[in-house]
Amino acid sequence: MADIVNLRQARKQRVRDEKLRVAEQNRALHGRSKADKQRDRLVADKAEKFVEGHRLEPSGRDEQ
């Protein structure tokens with residue numbers, strides 16, 4: 001036999017779980033230190049320079 005579930009409590013628990021999931025995502029996105037942000041920015045810049053350096057044709061913005 002199935003357990004009896006209070007729907008009001010189940011809805012509230014589902015909302016709480018969703019809020020916790022969103023909070024975890026926000027901590028991952030915005031809860032980084034300044035050093036972490038700088039490191040990620042440097043890695044992205046280095047990758048961009050690598051790609052730019054290996055282009056076969058120059059991009060339109062460099063020719064102007």
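The pLDDT is the predictor's confidence in each residue, on a scale from 0 to 100. The model open in your viewer is predicted, and its protein chain averages a pLDDT of 89, with 89% of the residues scoring at least 70.

**The whole chain**

Begin with the entire protein chain selected and shown as a cartoon, where you will find 3 helices and 0 strands, which follow one another along the sequence in the pattern α-α-α. If you colour the chain by pLDDT, look for the two extremes among its elements: helix α3, residues 60-63, has the lowest mean value at 62, whereas α1 has the highest at 95. Then switch on the surface, which comes to about 6,500 Å² of accessible area, with 55% of that belonging to carbon and sulfur atoms. Of the 64 residues in the chain, buried ones make up 2%.

**Helix α1**

Next, select residues 7-30, the 24 residues of helix α1, and follow the helix from its first C-alpha to its last, a reach of 34 Å that is close to the 34 Å expected at 1.5 Å a residue. At the start of this helix, show the side chain of N6, one oxygen of which reaches to within 3.1 Å of the backbone nitrogen of R8.

Still in α1, select E24 and R27 together and display their side chains, which meet in a salt bridge with a distance of 2.8 Å from N to O. Why can these two be described as about one helical turn apart? R27 and E24 are separated by about one turn because they lie 3 residues apart in helix α1. An α-helix has 3.6 residues a turn, so residues three or four places apart point the same way. As for its surroundings, E24 is partly exposed, with a relative accessible area of 45%.

**Helix α2 and the salt-bridge network**

Now move along the chain to helix α2, residues 34-53, and pick out R39, which has its place there. Is R39 buried, partly exposed or exposed? With a relative accessibility of 47%, R39 counts as partly exposed, because that label covers values between the 20% limit for buried and the 50% limit for exposed.

Keep R39 displayed and add D40, whose side chain is joined to that of R39 by a polar contact of 3.5 Å; the pair also forms a salt bridge, in which the closest N and O atoms are 3.5 Å apart. Then add R32, with which D40 forms another salt bridge, the closest N and O atoms here being 2.3 Å apart. Both of these partners can be checked against the surface as well, since D40 is partly exposed at a relative accessible area of 32%, and R32 counts as partly exposed at 33%.

To complete this stop, add D36 to the selection, and you will have in view R32, D36, R39 and D40, which are linked in a network of salt bridges. Across the structure there are 6 salt bridges, among them the one between R27 and E24 visited earlier.

Conventions: Residues are numbered from 1 along each chain as its sequence is written. This is a predicted model: local features need pLDDT of at least 70, side-chain atom pairs count only at pLDDT 80 or more; totals for chains, interfaces and linings use all residues. Side-chain values use heavy atoms; hydrogens and water are left out. Helices (H or I, at least four residues) and strands (E, at least two) are DSSP runs, numbered from the N terminus. The expected span of a helix is 1.5 Å times one less than its number of residues. A polar contact is a pair of N or O atoms within 3.5 Å; within protein, one must be able to donate a hydrogen and the other to accept it, and residues adjacent in sequence count only if both atoms are side-chain atoms. Buried means under 20% relative accessible area, exposed over 50%, partly exposed in between (1.4 Å probe, protein chains only). Accessible areas come from the Shrake-Rupley method with a 1.4 Å probe; for residues, only the protein chains shown count as cover. A salt bridge is a side-chain nitrogen of Lys or Arg within 4 Å of a carboxyl oxygen of Asp or Glu.
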